[in-house]
Amino acid sequence: MSFIQSLFDLIFPERCVGCGCRETSLCDVCLQKIPKARKHDASWIHSLFSYKDSRMKKAMWLIKYKNRKRLAKTFGQALHDLMLEELSEYIQFERAPTVVFIPIPISRKRLQKRGYNQAELIASSVCTLLNNPHITIENNLLKKTNETKRQSHSKSRRERLKNIIGSFAVTERCDPRSIYILIDDVTTTGATLIEARKILKENGARKVKAYTVAH
Ligand SMILES: [Zn+2]
């Protein structure tokens, strides 16, 4: 952690974005109050909370830009609760029950600047909680190949899709027997997830789903 970051933490200690309590950046009580996300057009994308909620927006900003990594545990726990039932069913009934978590990668440049990928932290937190030998996490299977403009800067849905096309690649073939689960912090139009899923499917994956904390 940088000196400036440590100083920032000292001046602005971790406080809940909802109620201001000193427990964490988003306490469980406030998390429960955040409205649920509306359903996606694509049935394979599942999101938990509404990104329209100001507390959620602020928490996402903190985990992304202010080093509040403990939020990954909070979000990981919430996603774990959502996934648990569905994943247990898969593992019980599918013949080749390997589940592979794929955090949506960020570009190398952004990773160097930030020091971590928040999607990776969230995915790893869910994986640890699930604690199942059939469930693994692959941080390097999917790569971001070029720097895309920040999604929020390009407005229309079509523009966003165009912006993201061709920005992912895989480092090895996918196993058609595995279930791949893309994990990200936020999805707005779903463009990133759609493109990532397309690349995995072009490279052998059969079943690809996605889970995000907010939408
Ligand atoms: Zn709170």
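Here are some friendly notes on this predicted model, going from the sheet to the cores and then to the zinc site.

1. **The sheet.** A good place to begin is the open sheet, which has five strands in the order β1-β7-β6-β2-β3, paired in parallel. Strands β1 (45–49) and β3 (135–137) lie at the edges with a single partner strand each, so one side of each has no neighbour in the sheet. As you step from one strand to the next, the twist averages 25 degrees. As general background, strands of a sheet pair through backbone hydrogen bonds, and the pairing is either parallel or antiparallel.

2. **One pairing in detail.** Try following β1 and β7 (residues 207–214) on the structure: the two strands run parallel and are joined by four bridges. Within this pair, S47 sits opposite T212 of β7.

3. **Helices on the sheet.** Helix α3 (residues 54–65) packs on the sheet and touches β1, β6 (179–186) and β7. The direction of α3 makes about 105 degrees with that of β7. Helix α4 (residues 71–93) also packs on the sheet, with β1, β2 (99–103), β3, β6 and β7 as the strands it touches. Here the angle between the directions of α4 and β7 is about 155 degrees.

4. **The largest nonpolar core.** This core has 38 residues, and those touching the most other members are L26, M56, F75, L87, F101 and I181. Several elements each supply at least two residues, among them α2 (28–33), α6 (118–130) and β2. Which helix gives the largest share? That is α4, with nine residues. To see one member up close, look at L87: setting aside neighbours within four places in sequence, L87 contacts V99, F101, L130, I135 and I181.

5. **A second core.** A separate core of 21 residues is also present, and its members include W44, V100, A191 and V208.

6. **The zinc site.** Which atoms hold the zinc ion? The SG atoms of C16, C19, C27 and C30 coordinate the zinc ion at 2.3 to 2.4 Å. Along the chain, these donors follow the spacing C-x2-C-x7-C-x2-C. The arrangement is tetrahedral because the angles subtended by the four donor atoms are 105 to 115 degrees.

7. **Two of the cysteines.** C19 lies in the loop between α1 (3–11) and α2, while C30 belongs to helix α2, 11 residues apart. Are these two buried or exposed? C19 is partly exposed, with a relative accessible area of 48%, whereas C30 counts as buried at 4% relative accessibility.

Note on methods:
Residues numbered from 1 in each chain as written. Predicted model: local features only at pLDDT ≥ 70, side-chain atom pairs only at ≥ 80, totals over all residues. Heavy atoms only, no water. Pairing = 2+ DSSP bridges. Axes fitted to C-alpha atoms, helices over the stretch in contact; angles between N-to-C directions. Contact = heavy atoms within 4.5 Å. Core = buried A, V, L, I, M, F, W, Y, C linked by side-chain atoms within 4.5 Å. Buried < 20%, exposed > 50% of the residue type's maximum accessible area, 1.4 Å probe, protein only. Donors = N, O, S within 2.8 Å, 3.2 Å for Na, K, Ca; no water. Tetrahedral: all angles 85-135°; square planar, octahedral: opposite > 155°, others 65-115°.
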